[in-house]
Amino acid sequence: MKPTVLVVDDKANMLTLLSKVLGKGARVLTARGVRTALQVLETEPVTTVLCDLRMNDGDGLDVLRAVRARWPGVPFILMTAYASVPTAVQAMREGAYDYVMKPFDPDELRALVERATAQAAVLKGEPQAPEAQGFAGMTGRSPAMRALYSIIERVAPTDATVLILGETGTGKELVARAIHEHSSRASLRPIAVNCAAIPRSLIESELFGHARGSFTGAVADRAGLFEEAHGSTLFLDEIGELRPTVQAKLTRVLEERAVRRIGESRERKVDVRLISATHRDLRSMVKAGAFREDLWFRLNVCVIELPPLRERAEDIPLLAHRFLAERAPQSRSAVTGFAAAAMSALQAYRWPGNVRELKSAIERALVVETAGEVRLESLPPEVQGASPLRLTSSSDIDLAQLSYREAVDASREEMNRRYLEAVMRRFRGDVLKAAAHAGVERESFYRLLRRCGLSADDFREERRGADGAKG
């Protein structure tokens, strides 16, 4: 079932354009103005709201306040051609999911709406449509992940041998599981083993089995993993760690479709689909003589290369919210989301440990945070340091490392921080006066300060220092 997006604008041509942009992935409702929007919200179940700021019969912030008061779980995205910092601060502090400026890129806007819709569903614990969630337990809708899902769907129904390549933490076992679950062998339990986790002296016995008395400690006949996986799928993770003698025997098994237990002369036929994986460069290992070329040819029937997380940063918000929704209840944490600065840092970091490292970072943040949002300060130090918001001066090279959206978000957050610092400095740490000047309630102003990592005490210290200098 498609999500329902309400688009609010007072210009008919803009409503038509946005209906076309969003119509492929969502059911689009339109409202020409504030009054109509509020009527639609009362009568239609809406998943996400995309609303203009300035309209003939009112302000988009009025719609935002109504949504936050009546339907707090519905993401609200504000559109504006009037990019003022106070308006951005006000919209974000009142609960807007994001803030976009006209003119905008249609693909980026569509991705933003999809991301907002998916994250809201994750936080509410709702089942999501495949196009929003991902595929077979994997999360992400970036072009790289869409291509991966397509390959899995094509390969799974066949019995082709599959080799999965990718850095540590990219989800190779998830891909292997997805292939099995979408195959004709899905009714049987798959067998999985990490070749690097088994002592080198035991790996041959584990894979192929042994006869009683074939070596010290072999007190009974024992079937190996190939026999256990008969009729199903065998997943060999870190296959690059196998020593040459085991590689030779594995090659023979793949050629003959039969195994010979250690200490036996007869062969046993096996019907097994082999899926293997490694983070190592097997091509280079073959050239160096560290991996058998004939085994490489046997494994290299269908190769799937997984993208590292740094190459699909647009999937990070959805992954982060998924891990938050999964771990917050276990951590007894009431955290419900991420501060903008924290999310920017998560997307800017290079993630050498990939998805596994991201999950660990979220778990760490939930130990620090007990309510509200995950702040930049609660993330690991190396992630904090990657935040584009911490760049006090950006060179062209620094900016070129960011996507257009990341650069705009970073500049917006930097301006928010500079505005708050300037107001606090002007009123010398007096939050009551600063909040009144900004037109923001005191408690909301405190939240804004925390979101930007600022403390009123810092500005009071400046005041005391200046007063002391005068004395």
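So, how do the residues of the lining of the second largest pocket divide into nonpolar, polar and charged? Hold that thought while I set the scene.

This is a predicted model, where local features need pLDDT of at least 70, side-chain atom pairs count only at pLDDT 80 or more, and totals for chains, interfaces and linings use all residues. Numbering runs from 1 along each chain as its sequence is written, and side-chain values use heavy atoms, with hydrogens and water left out.

Okay, the pocket. By pocket I mean an open set of points on a 1 Å grid over the protein atoms alone, with protein on both sides within 12 Å along at least five of seven lines; a cavity is a set where a 1.4 Å probe fits but cannot get out, and lining residues have an atom within 4 Å of a point. Volume is the space filled by probe spheres set on the points, which are joined across faces, edges and corners.

The second largest pocket holds about 580 Å³ of space. Its lining takes in 27 residues, with G169, T170, G171, L174 and V355 nearest the centre. And the split? Ten nonpolar, seven polar and ten charged. Here Ala, Val, Leu, Ile, Met, Phe, Trp, Tyr, Cys and Pro count as nonpolar, Asp, Glu, Lys and Arg as charged, and the others, Gly among them, as polar.

Now the cavities: the whole structure has two of 30 Å³ or more. The second largest is about 40 Å³, and F226, V253, L254, R257, V270, V272 and L274 line it. That lining has six nonpolar, no polar and one charged residues.
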